[in-house]
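Visitor: I am new to this structure and should like to be guided through it. May we look at it together?

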Amino acid sequence: MVLTALIAGCGGGGKEASNGAATNSSTGSSKPYAELRWGEPTFPARIDWDALSWPQAIQAESLVVQNLVEFEPNGRLKPELASSIEHPNATTYIYNVKTGVKFSDGKPLTVADVVYSLRYAMASKESDNKPYWSDVASVTAHGNSAVMVKLKRPSAIWPYILAFSGQIMEKAQAEKIGEKALGTPSGLLIGTGPWKFDSFTPEASIHLSPNPYWRGPSRPASRITFTLFKSESTMALALRSGAIDGASWYTTPKLFTGIPDVRNMDTPLEYTEVLSMGSESPPLNDVHVRRAIAYAIDAKGMIKALYPPGDASEVATFTPASLYPNYAPGEVNAMLARLPKYDFDLAAAKAELAKSSYPHGFSTAIQVEATSTAEVSAAQILASDLAKIGINAAVHEQQPAEESVLYGKKVKLHIYEIGAAYPDPVSMTSELLSPSQIGSGLLNLASYRNKEVERLLPLSEEVTNPKQRLALIEKTLKLANSDAVYPMMWAIGVFGAISEKYVYPGFSTWTAAYTPWALRVKLAG
């Protein structure tokens, strides 16, 4: 089914609109406007998703640099810079590259650009996207107009990878400035997307202008300005004052509800707030300590305090039911209900701590991103409850610029939001549980190792039989839940807020970052 969607034809292009009549309010007006002003939480000083994976950065990059394939709002795939895809055998994919496409500096897109970009993503040492490329044996030119990807083994997930990783950049520019400078203010990427980078001032702003060689759908906004905020509360105030037109990818929706003349948006609950516990060293290498902390998480209380009704939901594990689109809801819910759980229970927490090597408690720290008001508040609530069982946990708020601290190997307790890179539960299990994701900047922050999980993970990525695959996923999640390295907090969607002067049809987890999403933001009819 995925391959059929990939091979299907791509939508037609069109000239840049100069005037147009208004349509109904759900789809917006075809009339262009001068500038879209968007708010983002700040992030480290590099806009290069395949080098440093921050969702706020890919929001800007996706308007400039395109992929071979692209997500649709429902998570299905369609061709983007690939005109069609061939799949001659279980381990070979051939991507035919569109002709007539140009980069924003006028140079034509070539097979050499595509091969270079995919190999760059494959070789990245810092990005948490790197493990997704571990099954790739080779990326080579296939004649003058196609690229061939050879896999080491069959993969049920490979078709999704090129929709969120492997952005196609200009090879000549990358080689000229050097890979370490790509995405920095002096080495902004050159792409084939609707807009191009003009400037990037870290922790302040990003400015985009039209790509003069774009031949795709008409751009509603001529220019796009991102303002970067050090806290979500200041970003909400900017939206309230009219200094920005919209914002997304924030974690504290209560700050953005009730703002006059602003409409709120959210997606299904496909992201999760987790508490990761670094399990390599004392005291968190003791499973009873981890279970004690898990029992001390008052998820229901946190949700009630931090979110409007319906915007968050307590879940059994880090793969919410919305990530199982190919299974019957009843089957998925029954599987999730069979997993080990840790309902808030301070008596049970004390009993687990008594079984540990630290029956009288200890001191530790909870690290959290300072830009997220909800996560900081959750850390404070957790610290208060941990104190009741003898664990003294200081809350350390870190700025995104301190990326090595936020996602370093020595992190003990860390509250953060994580989401699937594609609509499948294996995306989350491979991110949080794989040993290939252990290391600074990678996503297995618990440094979790379990030999049986390591055996099950590649099988769940390869097996295509739905029942067999679900059984493998259930076994994996049972082990992870029992070991309590990522005790669940809650599931949330992607949140957005936008001035009522605009409409944003098709806002979804899959199109709010990886695709040129601003093509959807139009003047209200």
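Guide: Two strands pair if DSSP finds at least two bridges between them; strands (E, at least two residues) and helices (H or I, at least four) are DSSP runs, numbered from the N terminus. This is a predicted model, in which local features need pLDDT of at least 70, side-chain atom pairs count only at pLDDT 80 or more, and totals for chains, interfaces and linings use all residues. Residues are numbered from 1 along each chain as its sequence is written, and side-chain values use heavy atoms, leaving out hydrogens and water.

Visitor: Which residue in β9 does Phe200 stand opposite?

Guide: Strand β8 is joined to β9 (residues 205-210) by six bridges, and the two run antiparallel. In β9, the residue opposite Phe200 is Ile206.

Visitor: Which are the edge strands of the open sheet?

Guide: The open sheet has seven strands with mixed pairing, in the order β8-β9-β10-β1-β11-β19-β12. An edge strand pairs on one side only, and this holds for β8 (195-201) and β12 (262-266).

Visitor: Where on α14 do the buried residues lie?

Guide: Buried means under 20% relative accessible area, with exposed over 50% and partly exposed in between (1.4 Å probe, protein chains only). In helix α14 (residues 451-462), Val453, Leu456, Leu457, Ser460 and Glu461 are buried. Because they cover an arc of only 130° around the axis, taken from the directions from the helix axis to the C-beta atoms, they lie on the same side of α14.

Visitor: What covers the buried residues of α14?

Guide: The buried residues of α14 include Leu456 and Leu457. Among the elements covering the buried residues are α13 (425-433) and α15 (466-483).

Technical notes: Contact means heavy atoms within 4.5 Å.
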